[in-house]
Amino acid sequence: MKENMMINNMYDLDETIAKELFKEVRYPWELLPKISEFIVKLGNTLSEDEYEKKGNNIWIAKDAKIYETAYINGPCIIDKGAEVRHCAFIRGNAIVGKGAVVGNSTELKNVILFNKVQVPHYNYVGDSILGYKAHMGAGSITSNVKSDKTNVTIMIGADKIETGLKKMGAMLGNNVEVGCNSVLNPGTVIGQESNIYPLSMVRGFVPAKSIYKNKNEVVDKI
């Protein structure tokens, strides 16, 4: 079952500017400590005709739409056609994919958003990777630190996977839909094309093409 969480079973690597980074590991959470260094390395290779460097290690595509009230800290890459809206707060170590939306009062930190990802309303996304066209409903968040501050583990059935990470939010596969005001607890992995009901509290692994109603009711999509 662990193989279901491997990168090639969760993500379309043609839908991210960070494609080369994903080739270095098998599981997506292994990338989290590598994001910052990769952004700086990649940013310095981007075309000056298409991207503008602003501030300290911030690269923004010239056709991206950035609202004046948004705050962006580096290292950061905002790819072509992306939109960063009113009062968005990008704390750094963030890749915002092509056509992605970072909405009002949304906060990002140490994340990769694939192309067409939407985090449009009052979301917190930290130490997380969101696959192509993943969408987080209004007020839904990734919780990235355990209350006892111990390392994050991932539960998959009765098995426990040690990540070795103090901070890990959620890994969302392609086309995942997260309902409004849901909390994705540390170490959540959601397989591609799954749906999470609004007001859910999710922990551990949710298989691909599932509907998560509550922890005792996860059903296959028909």
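This is a short tour of some salt bridges and one covered strand, with selections to make along the way.

Before you click, note that the model is predicted, so local features need pLDDT of at least 70 and side-chain atom pairs count only at pLDDT 80 or more, while totals for chains, interfaces and linings use all residues. Residues are numbered from 1 along each chain as its sequence is written, and side-chain values use heavy atoms, with hydrogens and water left out.

**Stop one: charged pairs**

Side chains of opposite charge can pair when their charged atoms come close. Here a salt bridge means a side-chain nitrogen of Lys or Arg within 4 Å of a carboxyl oxygen of Asp or Glu. By that rule there are nine salt bridges, and we will visit three of them, beginning with D14 and K19.

Select D14 and K19: their closest N and O atoms are 2.7 Å apart. For surface exposure, the terms are buried (under 20% relative accessible area), exposed (over 50%) and partly exposed (in between), using a 1.4 Å probe and protein chains only. D14 is exposed at 58%, whereas K19 is partly exposed at 29%.

Next, select E50 and K80, whose side chains form a salt bridge with an N to O distance of 2.8 Å. Which parts does this pair tie together? E50 sits in the loop between helix 2 (35-43) and strand 1 (51-54), and K80 in the loop between strand 5 (76-78) and strand 6 (83-84), so the bridge links parts 30 residues apart in sequence. Helices (H or I, at least four residues) and strands (E, at least two) are DSSP runs, numbered from the N terminus. Both ends are partly exposed: E50 has a relative accessibility of 37% and K80 of 27%.

Now move to K213 and E217, which meet in a salt bridge at 3.7 Å, N to O. K213 is partly exposed at 30%, and E217 is partly exposed too, at 34%.

**Stop two: strand 12**

Select residues 124-130 to bring up strand 12. How many of its seven residues are buried? Seven are, so the strand is mostly covered.

Add residues 107-113, which make up strand 10. Strands count as paired if DSSP finds at least two bridges between them; strands 10 and 12 run parallel and are joined by six. To see one facing position, pick L108, which stands opposite V125 in strand 12.

Finally, add strand 17 (residues 170-172), which runs parallel to strand 12 and is joined to it by two bridges. Here, select I129 and look across to M171 in strand 17, which stands opposite.
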